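Dear colleague,

Here is the structure I promised to pass on to you, and I would be glad if you kept it open while reading the notes below.

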Amino acid sequence: KDTKHTRLWTREQQPPPMAKLGEGDDRWIVKEREDGRNVNNWHWSETSYTEWAREKLGARFEGVAIGDGTRSAGKLLSLETMKGDVTVQSRKQKRFPLYELELTIRWEGQLFDASGGTAVEAKGRIKVPDLSEETYDDLEMTVLCDEETDAKRPLKELVRKEGGKAVRAACLAFVEELKETVMKGHEPPPQKAPPRERFNAGYVAASAETAKTGAVKVVYSYNPPPHVLYETLLDTQRIRGITASDASMSTEVGGKLMMFSGAVEGENAELKPFDGERAVIKWKWRFSTWQPSHWSTVLITMVKQDDGSTKLTLEQTGVPEDERERTERGWKGMLFEPMNAMLGGRVIGA
């Protein structure tokens, strides 16, 4: 007998005994926990970093000098407002940040006369309409002056040129710090009123939470034609690859669907394959953590563009209001962005 590739156990060297089901063997990796903890971040969870981000961005915009100080000088004063959310989503021991922010930064500046005294003073705001993963390295911003006069226009121009550079540098540094913090597994400090962290394996919304509902809308542009998107969204193996989790899809009306290892469940309510202009998928859809009787409706429309690409629009209604932002971030971060990486495309609206 050829034993070159066969491992033989002698009487003195027996194979290690297998763990036995039901005997409480400590070698079992997965155990039921009374505290409901998401062990090793295996289930999809979401943690808010919004207040952490507000503090970090505020520090980066405070007192930043603008200009060389010879004939004019300015500085960024503070982060006046920050709208939006910063979250970290975890699944199967992988963590990644999602952020969509709208920022307003206060500024001030002075023009000097020949003797070095202050001739003109101005104050205003810099507005950043969208700081996100798609825009952080090419930010758009608008500079506003509290009093728009000819005398103050040079200061506004100074802030537009030099202040814009400072804002971009601060935002880039913030994104790098956020990603490094997430990569190292650091958690944000406790907040005064921390939102309840929800795990798809353990939390069921109370009936009162489902009384008020909202809508979610996401619009993407993808390079492939509509029939490729249509087939991808109904294909079990492709969805498993995109989401890096178990899934079960159907190509029949009335067929059941399951995504994210059971975190999402639903049914095909309507299917219209590509007819030369568009394709449509309509799902009866819910998180498994919602009340058993509560369902939302997802309508995905894929329209062919002149260049052969696809405009994909997702419209979801009946989402519990307190779950709306989480659901929208999930569509983007867990499905459409990975599809973008696989197929090629970009977000064009929401």
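**Salt bridges and the surface**

Glu270 is partly exposed, since its relative accessible area is 26%, and its partner Lys272 is likewise partly exposed, at 45%. These two residues form a salt bridge in which the closest N and O atoms lie 3.2 Å apart. Elsewhere, salt bridges with shared partners join Glu100, Glu321, Arg324, Glu328 and Lys332 into one network. Please bear in mind throughout that this is a predicted model.

In general, side chains of opposite charge can pair when their charged atoms come close. How many salt bridges does the structure hold? There are 26 of them, and two further examples may help you to see how they are placed.

One of them is formed by Glu80 and Arg125, whose closest N and O atoms are 2.7 Å apart. This pair links distant parts of the chain, because Glu80 belongs to strand S3 (residues 72-91) and Arg125 to strand S5, with their positions 45 residues apart in the numbering. Glu80 is partly exposed, with a relative accessible area of 35%, and Arg125 is also partly exposed, with 28%.

The other joins the side chains of Glu147 and Lys152, with a distance of 3.0 Å from N to O. Is Lys152 buried or exposed? Lys152 has a relative accessibility of 15%, and it therefore counts as buried, the limit for that word being under 20%. Glu147, by contrast, is partly exposed, with a relative accessible area of 49%.

On the surface there is also a patch of negative charge, in which Glu102, Asp130, Glu134, Asp137, Asp138 and Glu140 gather. Asp138, one of these residues, is found in the loop between strand S5 (118-132) and strand S6 (142-145), and it counts as exposed because its relative accessibility is 58%, where the limit is over 50%.

Another loop, the one between strand S4 (94-112) and S5, contains Gly116, which counts as exposed at 53% relative accessibility. Although Gly116 and Ser72 are 44 residues apart along the chain, their C-alpha atoms are separated by 9.6 Å.

Finally, please look at helix H3 (residues 226-233), where Pro226, Leu229, Tyr230, Thr232 and Leu233 are buried. Why do these residues lie on the same side of H3? They cover an arc of only 165 degrees around the axis, and this puts them on the same side of the helix. As a general rule, an α-helix has 3.6 residues a turn, so residues three or four places apart point the same way.

With kind regards

Conventions: Residues numbered from 1 in each chain as written. Predicted model: local features only at pLDDT ≥ 70, side-chain atom pairs only at ≥ 80, totals over all residues. Heavy atoms only, no water. Buried < 20%, exposed > 50% of the residue type's maximum accessible area, 1.4 Å probe, protein only. Helix = DSSP H or I, 4+ residues; strand = E, 2+ residues; numbered from the N terminus. Arc of directions from axis to C-beta. Patch = residues over 30% accessible without salt bridge, like charges linked within 9 Å, V, L, I, M, F, W, Y side chains within 5 Å. Areas by Shrake-Rupley, 256 points an atom, 1.4 Å probe, with all protein chains shown as cover. Salt bridge = Lys/Arg side-chain N within 4 Å of Asp/Glu carboxyl O. Lys, Arg positive; Asp, Glu negative; His and termini not counted. Charge placed at Lys NZ, Arg CZ, Asp CG, Glu CD.
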